[in-house]
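I opened the model to look up its pockets, its ligand and its backbone angles. My notes follow in the order I made them.

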Amino acid sequence: MELIIQENISLKPFHSFAMEVNARFFTRLSSMDQLPEIFAWKKSSSLVLGGGSNLLFTKNYDGLIIKNEMKGIHLIREDDHHVYVRAGAGEGWHSFVLHCINNGWAGMENLSLIPGTVGAAPIQNIGAYGVELKDIFFGLEAYHIKEEKLHQFSLNDCAFGYRDSIFKRSLKGELVITQVIFRLNKIPEYKITYGAIEQELEKMNIKELSIQAISQAVCRIRSSKLPDPAVMGNAGSFFKNPAVPENKYIELKEKFPGLVGYHQMDGSYKLAAGWLIEYCGWKGYRLDDAGCHALQSLVLVNYGHATGAEIFKLSEDIQRSVFEKFEVRLETEVNII
Ligand code: EPU
């Protein structure tokens, strides 16, 4: 396939914050055999883009954007309890989830309606409503740019953590994820105790649980408080929920009884960053077109013409005020470019 490199392309349609930023060079990756050619051409730095739903461009990108559009969904193996499904990195995450649900493959229903692509999902170990990608992950294949060859990664190789993996750390920028293999359940194990799922299922008058019903409940909850990126630019949670040691949690809880925190297996507490931000008065804040969402303060929004620099400045102001009030540092979840 002939390599097409475009120049000075607007990235507005390719990232969910929807800022007016340009890429110096832009190309689409749809098959494996393009990879060596793309990196042989490469005259500049490069960035692989999935759905663009977890990044903030603070300026024009002076390199090559590689839009990963590798497609394909295949059932590759099954046993009594599981199916193993391979999906191209460029498949849309939610459409892949729906495909699995429609085939009766369970395990992804709580991860419904997350923006982005299959290939980007392992990088930050996406998670929602008590399930993380690592719970259904079997392996992935990635092209190592410098070594010019494919590598296979098993679950253990990926060092998954809370919104974290080896692909954000030692292997950052080294790989292009080409396909991901999921291990899904033939017999569902419903997880409905997290957040408002149970309540939502009641509201929906669901008498018999199913992966379809859970998926619909999750979609309804997400739509009720998370802004649709097609309507209002955003990248989901802008910050991670910070973990603090138990003594710090107790100290804060005494001072701020409303504080929301969740006990973790390692003894620490994960604080609801949304609560910290709301307490500092940011919820619903807006300066020009950069704002903190009125229904979920962990989400920063572009009302139309905000620049990446304006959103970044707002994020720094929020981090500073949360630190001044609670002495807790908020780490960004979104990739700042
Ligand atoms: N809260 C507030 N004010 C707010 C927002 C939240 O007080 O403005 C408190 C509430 O007590 C609420 C609690 O925080 O009950 C938790 O809020 P929510 O259930 O909305 O979840 P979250 O911790 O803010 C995380 C993930 C989301 C994921 C949801 C549901 C992170 C950084 N974010 O948000 O993931 O959808 O849980 O599981 O862990 C994303 O990563 O982009 C994302 C949207």
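**Second largest pocket**

I listed the residues around the second largest pocket: 17 line it, and Tyr162, Lys240, Asn241, Ala243 and Lys270 lie nearest its centre. I kept in mind that this is a predicted model.

I then looked up the volume, and the second largest pocket holds about 290 Å³ of space. Sorted by class, its lining has 9 charged, 4 polar and 4 nonpolar residues.

Where does the second largest pocket lie with respect to domain 2 and domain 3? I found that domain 2 (73-185) and domain 3 (233-336) both give residues to the lining, so the pocket lies between them.

**Ligand shell**

I turned to the ligand and found 24 residues surrounding it. The closest are Tyr129, Tyr162, Glu278, Gln296 and Glu333. Tyr162 was already in my notes as one of the residues nearest the centre of the second largest pocket.

By class, I noted 10 nonpolar, 7 polar and 7 charged residues in the shell around the ligand. Domain 2 (73-185) and domain 3 (233-336) each supply at least three residues to this shell.

**Polar contacts to the ligand**

I went through three side chains in turn. In Glu278, an N or O atom of the side chain is 2.6 Å from a nitrogen atom of the ligand. For Lys225, I read 3.1 Å between a polar side-chain atom and an oxygen atom of the ligand. For Lys283, a polar side-chain atom lies 3.2 Å from an oxygen atom of the ligand.

How much of the ligand does the protein bury? I found that the ligand taken alone exposes 830 Å², and the protein buries 83% of that.

Next I checked which elements give two or more residues to the shell around the ligand: they are strand S8 (127-128), helix H4 (211-225), strand S13 (233-237) and helix H6 (273-279). H6 gives the most, with 3 residues.

**Positive phi**

I looked last at backbone angles. Which loop holds Ala18? Ala18 lies in the loop between strand S1 (6-10) and strand S2 (22-29). Its phi is positive, about 55°, although Ala18 is not a glycine.

I made a second entry for Arg163, which lies in the loop between strand S11 (149-154) and strand S12 (175-185). The phi of Arg163 is near 50°, again a positive value in a residue other than glycine.

Key. Residues are numbered from 1 along each chain as its sequence is written. This is a predicted model: local features need pLDDT of at least 70, side-chain atom pairs count only at pLDDT 80 or more; totals for chains, interfaces and linings use all residues. Side-chain values use heavy atoms; hydrogens and water are left out. On a 1 Å grid over the protein atoms alone, a cavity is a set of points where a 1.4 Å probe fits but cannot get out, and a pocket is an open set with protein on both sides within 12 Å along at least five of seven lines; lining residues have an atom within 4 Å of a point. Grid points are joined across faces, edges and corners, and a volume is the space filled by probe spheres set on the points. Ala, Val, Leu, Ile, Met, Phe, Trp, Tyr, Cys and Pro count as nonpolar, Asp, Glu, Lys and Arg as charged, and the others, Gly among them, as polar. Domain bounds come from an automatic or database domain assignment. A residue is near a molecule or strand if one of its heavy atoms lies within 4 Å of it. A polar contact is a pair of N or O atoms within 3.5 Å; within protein, one must be able to donate a hydrogen and the other to accept it, and residues adjacent in sequence count only if both atoms are side-chain atoms. Accessible areas come from the Shrake-Rupley method with a 1.4 Å probe; for residues, only the protein chains shown count as cover. Helices (H or I, at least four residues) and strands (E, at least two) are DSSP runs, numbered from the N terminus.
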